[in-house]
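Good morning, colleagues. Today I should like to take you through one structure, beginning with a single residue and moving outward from there.

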Amino acid sequence: MSGPLPAPQLSKPPHQPQDSSPTGWWRTNAARIGFIAAVPICGLIAPGLGLVALMGALVALWLENPWSKQGKVVATIAAGALLGAVAPAPAKNGPQGHPAAAHVTPTAAAPSVSAAPVVSRRPLQDFRGQSLEVAYSRITKTGTRVVFHDASDRDEDIKFSSRGLWTVCFQKEAGTGIDAYPTVELGAVHRGDPCPTQDGGPLPLPTMPDLVWKTWPQARAEVVALGVPAERVRARAAYVNDTLPDEGRYEAWRVCAHDPAGGEPIRSNADVTLSLSSPVNGCPESHRGTGAPAMLPDGDDDGDPDYRDPYPSDRNRNRTFPDGLPKDSGDSNRSGGHGSNLCRHTRWC
């Protein structure tokens with residue numbers, strides 16, 4: 001009898017090499033899900049910390065992750081949504097773009113008082129020393145109401161059409177302080193006049209000096225030095241029957257009277273008249289400085305004063321008509337008449 005058959009010998013499976021490198025914990029699915037869950041928790045602690053957690057979750061999701069691309073995208077969106085859900089809401093802005101002020105409930109000790117609105121605007125330009133016309137035009141362009149008045153004690157009415165002839169001396173805002181565009185009040189004087197020391201005060205005008213018996217150039221220079229333009233200083237003959245020589249030939253003539261008189265206030269736009277006399281004649285003492293009309297001697301009564309008449313005793317001849325007055329002069333009996341004077345046009349009769 002044969003013995004038991006021997007057990008069959010099983011061949012050992014071939015040796016399978018195993019991967020000895022351990023897998024990092026951050027590469028596991030549990031770690032990836034943990035990173036995503038940490039995003040809202042860190043965001044609640046601090047917005048910056050939540051952002052750092054989100055960056056870490058993105059690295060774990062996309063670096064060596066066997067998930068499908070669609071799964072990675074869905075997980076990324078979910079992580080961002082979780083962070084946005086816990087992020088603090090931005091402060092609401094007011095109507096002008098500034099953060100709205102927190103509402104404070106007034107207490108009994110400190111009652112709520114509504115403050116007056118403060119309107120900020122650019123400061124108004126100073127127009128003192130400038131034309132009233134320029135100041136009025138530029139101020140009204142800003143929407144401000146402008147009123148003006150005479151700044152001197154004359155209280156003269158300033159016509160609207162003559163604003164260019166006035167100069168601003170005083171400027172003040174007459175509003176209440178809470179208006180957006182308060183009223184501006186301007187005090188002005190005639191152009192060329194000095195400003196008073198205070199609004200409504202007298203003008204510090206210069207006074208006319210005493211110019212009697214000064215020469216024409218000297219007197220005119222003193223008047224011009226007061227601010228009067230040279231073209232407003234005029235000369236005339238002091239005697240009604242005298243005439244001035246051509247301009248430039250009466251520099252040696254003397255002042256007998258002047259208007260305005262000495263000591264009177266004089267404005268820059270005043271007209272000054274100097275009454276002159278030749279130094280040969282002088283000024284009559286009875287008329288000196290008074291400006292009253294005076295007559296020079298006229299022996300032949302022809303209207304030409306004797307000191308300038310080459311024929312002071314002949315009424316028929318003067319400087320203009322040395323050979324006798326013409327017939328149409330009004331006197332047919334004078335030697336200048338035609339037909340009756342045999343030696344007319346001669347100097348021997």
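**Isoleucine 266 and its surroundings**

Please bear in mind that what you see is a predicted model. Let us begin with isoleucine 266. Setting aside the neighbours within four places in sequence, Ile266 is in contact with Leu205, Pro206, Thr207, Met208, Val223, Leu226, Val228 and Val272.

Where does this residue stand in the wider packing? The largest nonpolar core has 15 residues, and Ile266 is among those that touch the most other members, together with Val223, Val272, Leu274 and Leu276. Two elements, α5 (216-225) and β6 (272-277), each supply at least two residues of this core. Apart from it there is another core, of 12 residues, including Phe127, Ile139, Val168 and Leu186.

I turn now to the sheet. What is the order of the strands? The sheet is open, has 3 strands and follows the order β4-β6-β5, with mixed pairing. At its edges are β4 (233-237) and β5 (254-259), each of which pairs on one side only. From one strand to the next, the twist averages 30°.

Consider next the pairing of β5 with β6, which is antiparallel and extends over 5 bridges. Histidine 258 has leucine 274, in β6, as its bridge partner. Leu274 was also named earlier, as one of the core residues that touch the most other members.

Finally, the helix. Which strands does α5 lie across? The helix α5 lies across β4, β5 and β6, and runs at about 150° to β4. Both α5 and β6 thus appear again here, having each supplied at least two residues to the largest nonpolar core.

Thank you for your attention.

Technical notes: Residues numbered from 1 in each chain as written. Predicted model: local features only at pLDDT ≥ 70, side-chain atom pairs only at ≥ 80, totals over all residues. Heavy atoms only, no water. Core = buried A, V, L, I, M, F, W, Y, C linked by side-chain atoms within 4.5 Å. Buried < 20%, exposed > 50% of the residue type's maximum accessible area, 1.4 Å probe, protein only. Helix = DSSP H or I, 4+ residues; strand = E, 2+ residues; numbered from the N terminus. Contact = heavy atoms within 4.5 Å. Pairing = 2+ DSSP bridges. Axes fitted to C-alpha atoms, helices over the stretch in contact; angles between N-to-C directions.
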